Amino acid sequence: MEIWVLITVAAAFLQNVRSAMQKHLKGRMGTTGATFVRFGFGMPFALLYMGILALVLARPLPLPGAAFFLWAVVGGICQIAATFLLVHLFSFRNFAVGTAYSRTEPAQAAIFALVFLGERASAGTLVAIAISVAGVMIISVARSVVSLRTLATSVFTRTAAIGLLSGTFFGVSAVAYRSASLALAPTLPAPDYMMQASYTLVFVIVLQTLLMLGWILLRERDELPRIAAAWRPALLVGFVGATASFGWFMAMTLQQAAVVKALAQVEMLFTFASTVFIFKERINRLEIAGCALIVVGVLALLAYG
């Protein structure tokens, strides 16, 4: 099995853990604070990972150029926007529809990779992406009053628009991160996907932290005491989030962003495993059908991707 597959599955598991902890923090602070925690408290760990690679393992640092900075800035800003929109969706009563549309990220990433990078995916890979996206969208609405017919006809609603826009920003950020990381390869004695990913992560997470901190200081200073009061769980969120991001960046350095993000849908399977085996909750037929589609999509992806 290729290394990018193992890295992606591990990152998906960690992201599932981080998301659960971040939702818990949402009850203790606002949308901006919960979004900032992911970046601000993850920054020390991102710096630690790069320090270990450079100082302990003696991996040479890259020399970034204009292409790296351009793609890294685009990716960092788009990820902030995508995360904010996704967290904002939970303030809507019918947020399930928006969440479902935000899961179109892998399909949108495939389009952006073709447009901006000229990366083409095989027909089998595109079918696998479509199957996994359909499975995740079904799961997103399975416990709400929204029917699949309503989901298909709700594309012009406000929540659907926010969800699609969130997926768009996530898709652009994934493609941008891959482009930034690949731009570092020519500056190294030999391609080093771990250092390329770590360096990209450090630059992006520092940028995101500074941008969000500046916004909070200017517009939402009342969030600062809430963030400070929750520093212990926030630090754990930062550690898990930075580790997951390091995994994503490594995987996307090795493989097309759309393929990585499609395989990352296994995160939903981890969520349902926790639901069934830890919390002893029942899952309905739509959720089972959605999980089955994700499994089929992932297996097809591994076969054709």
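# Exercises on a predicted model

Ala176 is found in helix H9. The structure is a predicted model.

## Exercise 1. A residue inside helix H9

Task: decide whether Ala176 is buried or exposed, and find how far Ala176 is from Leu70 in sequence and in space.

Solution.
Step 1. The relative accessibility of Ala176 is 0%.
Step 2. Buried means under 20% relative accessible area, so Ala176 counts as buried.
Step 3. Along the sequence, 106 residues separate Ala176 and Leu70. In space, the distance from C-alpha to C-alpha is 8.7 Å.

## Exercise 2. Another distant pair

Task: place Leu126 in its helix, classify its accessibility, and give the C-alpha separation of Leu126 and Gly297.

Solution.
Step 1. Leu126 belongs to helix H7.
Step 2. With 42% relative accessibility, Leu126 counts as partly exposed.
Step 3. The C-alpha atoms of Leu126 and Gly297 are separated by 9.8 Å, while the two residues are 171 residues apart along the chain.

## Exercise 3. Salt bridges between parts of the chain

Task: state how many salt bridges a search of the whole structure finds, then work through the pairs Glu105 with Lys261 and Arg178 with Glu119.

Solution.
Step 1. The search of the whole structure gives 5 salt bridges.
Step 2. In one of them, Glu105 pairs with Lys261, and the closest N and O atoms are 3.5 Å apart. Glu105 sits in helix H6 (residues 105-117) and Lys261 in helix H13 (residues 257-263), so this pair ties together parts that are 156 residues apart in sequence. Glu105 and Lys261 are both buried.
Step 3. Arg178 forms a salt bridge with Glu119, with 2.8 Å between the closest N and O atoms. Because Arg178 lies in helix H9 (residues 158-184) and Glu119 in the loop between H6 and helix H7 (123-141), the pair ties together parts that are 59 residues apart in sequence. Arg178 and Glu119 are also both buried.

## Exercise 4. A salt bridge within one helix

Task: describe the salt bridge of Arg226 and Glu223, and compare the accessibility classes of Arg226 and Glu223.

Solution.
Step 1. The side chains of Arg226 and Glu223 meet at 2.5 Å, N to O.
Step 2. Helix H11 (residues 223-229) holds both Arg226 and Glu223, 3 residues apart, which is about one turn of the helix.
Step 3. Arg226 has 34% relative accessibility and counts as partly exposed, whereas Glu223 has 2% and counts as buried.
Step 4. Arg226 and Glu223 are linked with Asp222 in a network of salt bridges.

## Exercise 5. The largest cavity

Task: find the volume of the largest cavity, the helices that each supply at least two residues of its lining, and the classes of the lining residues.

Solution.
Step 1. Rolling a probe the size of a water molecule over the atoms shows where empty space is left.
Step 2. In the whole structure, the search finds 1 cavity of 30 Å³ or more. The largest cavity holds about 80 Å³ of space.
Step 3. Its lining includes Arg38, Phe39, Gln79, Leu201 and Phe249. Helix H2 (31-40), helix H10 (193-219) and helix H12 (231-254) each supply at least two of the lining residues.
Step 4. Sorted by class, the lining has 6 nonpolar, 4 polar and 1 charged residues.

## Exercise 6. The second largest pocket

Task: give the volume of the second largest pocket and name the residues that line it.

Solution.
Step 1. The volume of the second largest pocket is about 160 Å³.
Step 2. The lining is made of Thr32, Ile80, Ala81, Phe84, Leu211, Met212, Trp215 and Glu220. Helix H4 (66-89) and H10 each supply at least two residues to this lining.
Step 3. By class, the lining of the second largest pocket divides into 6 nonpolar, 1 polar and 1 charged.

## Exercise 7. The end of helix H3 and the loop after it

Task: name the residues of the nonpolar surface patch that contains Val56, and describe the phi of Ala58.

Solution.
Step 1. Val56 is found in helix H3 (residues 43-56). Its relative accessible area is 62%, so Val56 is exposed.
Step 2. The patch consists of Leu48, Ile52, Leu55, Val56 and Leu57, with about 520 Å² of accessible area together.
Step 3. Ala58 lies in the loop between H3 and H4. Ala58 is exposed, with a relative accessible area of 58%.
Step 4. Although Ala58 is not a glycine, its phi is positive, at about 60°.

Methods:
Residues are numbered from 1 along each chain as its sequence is written. This is a predicted model: local features need pLDDT of at least 70, side-chain atom pairs count only at pLDDT 80 or more; totals for chains, interfaces and linings use all residues. Side-chain values use heavy atoms; hydrogens and water are left out. Patches are made of residues with over 30% relative accessible area and no salt bridge: like charges are joined within 9 Å, nonpolar side chains (Val, Leu, Ile, Met, Phe, Trp, Tyr) within 5 Å. Accessible areas come from the Shrake-Rupley method with a 1.4 Å probe; for residues, only the protein chains shown count as cover. A salt bridge is a side-chain nitrogen of Lys or Arg within 4 Å of a carboxyl oxygen of Asp or Glu. Helices (H or I, at least four residues) and strands (E, at least two) are DSSP runs, numbered from the N terminus. Buried means under 20% relative accessible area, exposed over 50%, partly exposed in between (1.4 Å probe, protein chains only). On a 1 Å grid over the protein atoms alone, a cavity is a set of points where a 1.4 Å probe fits but cannot get out, and a pocket is an open set with protein on both sides within 12 Å along at least five of seven lines; lining residues have an atom within 4 Å of a point. Grid points are joined across faces, edges and corners, and a volume is the space filled by probe spheres set on the points. Ala, Val, Leu, Ile, Met, Phe, Trp, Tyr, Cys and Pro count as nonpolar, Asp, Glu, Lys and Arg as charged, and the others, Gly among them, as polar.
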